[in-house]
Amino acid sequence: MRTVVGYAPGAYDLFHVGHLNLLWRARGRCDYLVAGVVSDELCLRTKGVRPIIPLEERVAIVGAIDVVDAVHVEVVPDKLAAWQDVRFQRLFKGDDWQGTPKGDQLERRMRTVGVDVVYFPYTEQTSSTVLRLALRRLNAEDVEHAEAGVADLQV
């Protein structure tokens, strides 16, 4: 019997239920699941933001989840490079990629090595982007309150 290796790439920054949903669903579609964790530098280069949680911690968090069998650190954006290292048969992504130019290109490239791209529902209400924006707002409010407190002390 052939073991089906799955690959679930992501930044996994500010780990949340959307990440967990992807990993749980992916594990249900393969025998061995490898989570691809994007390096800090690659995340900055491809998304324009540096992760809040450092790479070593993101690797530890994702690797501690019982449905994940192994973690692979991605240092280049090309999923064919990850395939060279991991040799997976299925690649899992959120359905926000499906039908987009990036998703179509990913499917074409993965098809050249016999990999199926499987999409799962994207958890819209919880994302690292939304969490990052919420943290910025909270930080701005904290700064405003601190500045107001300093101004009160000066009076």
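**View 1. F92 and the residues around it in this predicted model.** Let's start with a single side chain and see who its companions are. Which residues is F92 in contact with, leaving aside its neighbours within four places in sequence? The partners are G6, Y7, A8, P9, L22, A26, R29, C30, L33, V118 and F120.

**View 2. The largest nonpolar core.** F92 also belongs to a set of 18 residues that forms the largest nonpolar core. Along with F92, the members with the most contacts inside this core are A8, Y12, L23, L33, V62 and V68. At least two core residues come from each of α1 (17–27), β2 (32–38), α3 (55–63) and β5 (116–120). A second core, separate from this one, has 14 residues, including Y7, W83, L91 and M110. In soluble globular proteins, nonpolar side chains tend to be buried together.

**View 3. The five-stranded open sheet.** Follow the strands across the sheet and you will read β3-β2-β1-β4-β5, with parallel pairing. Why does one side of β3 (70–74) and of β5 lack a neighbour in the sheet? Both strands stand at the edges and have a single partner strand each, so one side of each is left free of a neighbour there. On average, neighbouring strands are turned by 30° against each other, direction ignored.

**View 4. β4 beside β5, with α1 packed on the sheet.** β4 spans residues 90–94 and pairs with β5 in the parallel sense over five bridges. Look for K93, which stands opposite Y119 of β5. Helix α1 packs on the sheet, where it touches β1 (5–10), β2, β4 and β5. The direction of α1 makes about 150° with that of β2.

Notes. Residues are numbered from 1 along each chain as its sequence is written. This is a predicted model: local features need pLDDT of at least 70, side-chain atom pairs count only at pLDDT 80 or more; totals for chains, interfaces and linings use all residues. Side-chain values use heavy atoms; hydrogens and water are left out. A nonpolar core is a set of buried Ala, Val, Leu, Ile, Met, Phe, Trp, Tyr and Cys residues joined through side-chain atoms within 4.5 Å. Buried means under 20% relative accessible area, exposed over 50%, partly exposed in between (1.4 Å probe, protein chains only). Helices (H or I, at least four residues) and strands (E, at least two) are DSSP runs, numbered from the N terminus. Contact means heavy atoms within 4.5 Å. Two strands pair if DSSP finds at least two bridges between them. Axes are lines fitted to C-alpha atoms, for helices over the stretch in contact, and angles run from 0 to 180 degrees between N-to-C directions.
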